[in-house]
Amino acid sequence: GEWRLRTFNSMVYGSASSRDLLAGKWYEIGKSDDFRQCECPSVYPLPAATPGTEAAYEEARRAGMPDTVHKTSCGGDWWQLGSYDPGAPRSVGSFKPTPGWEDVFAQKRIDQGNFYASKDNEYPTLAGGKRRINWGWATVPPASAQTLPREVTFNAEARALQQYPIEEIAGLRAAAAFDRRGVAVRGSVGLGVPAGVARQAELLVSFALPSESATFGVRIGGSSSGDGIGCSVNYTAGAANASVACGGVRDSLPLLARETSVELRVFADWTFVEAYFQRGRVAITAKAAFSPDTVASLTSNVTVAADVSLFPMKSIWVDPDKVRAAPRVYK
């Protein structure tokens with residue numbers, strides 16, 4: 001076997017053994033014409049199925065689907081899917097479109113917003129399995145931040161990678177400030193949470209898709225001019241895609257014919273938001289200024305039903321002794 005490393009300038013290096021890798025012993029293999037020159041590259045196996053799409057994933061696997069993700073950072077973060085052939089040791093190998101999946105070989109923006117230079121790795125799940133987690137650099141005021149850790153999965157039905165906050169994030173939730181099913185939304189419907197709560201909060205909404213075209217979403221902000229942000233779905237009945245946006249950042253959300261609702265999950269954190277549409281089929285990181293009187297509301301230009309929860313979010317900071325006392329995953 002052989003360990004391989006690709007660098008920003010498309011060069012491929014090899015290491016003959018795990019011992020050599022740990023000792024920093026690498027040799028140059030050559031330049032790959034299949035891996036474009038970009039910052040922060042990563043090459044990894046196709047991740048696990050998006051929950052709920054396992055049958056489609058297995059069917060696609062048997063028929064022949066992409067086996068590798070290639071991620072780069074060039075004026076934004078991008079990924080593409082294809083088939084990787086390592087070739088013989090000391091050869092650069094090849095990365096090519098997978099027959100029948102040529103569309104996903106095209107570069108796809110990971111996050112259209114303030115997101116760059118993301119890093120990924122394979123980590124254990126809480127149940128002891130494996131998962132791919134990606135972190136991005138949120139280029140937001142006052143001095144940038146790391147995004148939430150996002151688990152990357154593959155939705156074979158939607159022919160798309162999805163990225164969704166890891167399940168541990170739910171552990172930061174305080175008691176729900178709002179939690180109601182079947183809320184009728186037309187115009188603007190305030191959630192009635194205390195002023196300021198929504199500027200450090202998770203807003204989780206599932207909108208039932210109406211029978212007519214509509215624009216619906218959420219708004220988080222206060223009374224000051226320019227304060228806050230709105231995130232929306234511009235839905236055309238029966239269409240295969242919907243236009244989604246947070247502030248001035250836009251993207252296209254693939255929809256499946258069988259889907260009857262759209263989930264919008266927004267994390268507000270004082271100076272920016274992370275918004276996840278349809279369990280991360282689209283993710284947007286966007287700047288937003290939240291004042292002390294920030295509140296949350298739902299919006300729609302037609303009547304839609306929504307299931308809504310808003311959770312104030314606790315601080316991420318913990319005592320160093322708690323970190324030292326935590327169970328060790330890697331031993």
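# Reading rings, a helix and sulfur bridges

Reader: I am new to this structure, so may I start with one residue: is Phe-35 buried or exposed?

Author: Please keep in mind that the model is predicted. Residues count as buried when their relative accessible area is under 20%, and Phe-35, with 6%, is therefore buried.

Reader: How many aromatic pairs are there in the whole structure?

Author: A search of the whole structure finds ten such pairs. In one of them, the ring centres of Phe-35 and Phe-95 lie 5.7 Å apart with an angle of 35 degrees between their planes, so this pair is tilted. Phe-35 sits in the loop between β3 and β4, while Phe-95 belongs to strand β7, so the two rings tie together parts that are 60 residues apart in sequence. Phe-95 is buried as well, at 1% relative accessibility.

Reader: Which other residues form one aromatic cluster with Phe-35 and Phe-95?

Author: Tyr-84 and Phe-105 join Phe-35 and Phe-95 in one aromatic cluster.

Reader: What lies over the face of Trp-101?

Author: Arg-159 lies over that face, at 4.1 Å from the ring centre of Trp-101, and in a similar way Arg-90 lies over the face of Tyr-27, at 3.7 Å from the ring centre. Trp-101 itself is buried, with a relative accessible area of 8%.

Reader: How should I read a helix such as α2, and which of its residues are buried?

Author: The general idea is that an α-helix has 3.6 residues a turn, so residues three or four places apart point the same way. In α2, which spans residues 54-63, the buried residues are Ala-56, Tyr-57 and Ala-60. They cover an arc of only 100 degrees around the axis, which puts them on the same side of α2. On the other side of α2, Ala-55, Glu-59 and Arg-62 are exposed.

Reader: What covers the buried residues of α2, and what follows the helix?

Author: The cover over the buried residues of α2 includes strand β12. The helix is followed by Gly-64, whose phi is positive, near 105 degrees.

Reader: How many disulfides are there, and how are they paired?

Author: A disulfide is a covalent bond between the sulfur atoms of two cysteines. Here the count comes to two, and if the bonded cysteines are numbered in sequence order, the pairing is 1-2, 3-4. Cys-40, however, is in no disulfide, and the nearest cysteine sulfur, that of Cys-74, is 9.4 Å away.

Reader: Where does the disulfide of Cys-38 and Cys-74 sit, and what is its handedness?

Author: The sulfur atoms of Cys-38 and Cys-74 are 1.6 Å apart, and the torsion about their S-S bond is about -125 degrees, so the disulfide is left-handed. The pair links distant parts of the chain, 36 residues apart, with Cys-38 in the loop between β3 and β4 and Cys-74 in the loop between β5 and β6. Cys-38 counts as buried at 4% relative accessibility, whereas Cys-74, at 28%, counts as partly exposed.

Reader: What does the disulfide of Cys-231 and Cys-246 tie together?

Author: Cys-231 is joined to Cys-246 with an S to S distance of 2.1 Å, and the torsion about this bond is about 115 degrees, so the disulfide is right-handed. Cys-231 lies in strand β17 and Cys-246 in strand β18, so the bond ties together parts that are 15 residues apart in sequence. Both ends are buried, Cys-231 at 2% relative accessibility and Cys-246 at 0%.

Notes:
Residues are numbered from 1 along each chain as its sequence is written. This is a predicted model: local features need pLDDT of at least 70, side-chain atom pairs count only at pLDDT 80 or more; totals for chains, interfaces and linings use all residues. Side-chain values use heavy atoms; hydrogens and water are left out. Rings of Phe, Tyr and Trp (its six-membered ring) pair if their centres lie within 6.5 Å; planes under 30 degrees apart count as stacked, over 60 as edge-to-face and the rest as tilted. Helices (H or I, at least four residues) and strands (E, at least two) are DSSP runs, numbered from the N terminus. Buried means under 20% relative accessible area, exposed over 50%, partly exposed in between (1.4 Å probe, protein chains only). A charge sits over a ring if NZ of Lys or CZ of Arg is within 6 Å of the ring centre and within 35 degrees of the ring normal. The arc is that of the directions from the helix axis to the C-beta atoms. Contact means heavy atoms within 4.5 Å. A disulfide is a pair of cysteine sulfur atoms within 2.5 Å.
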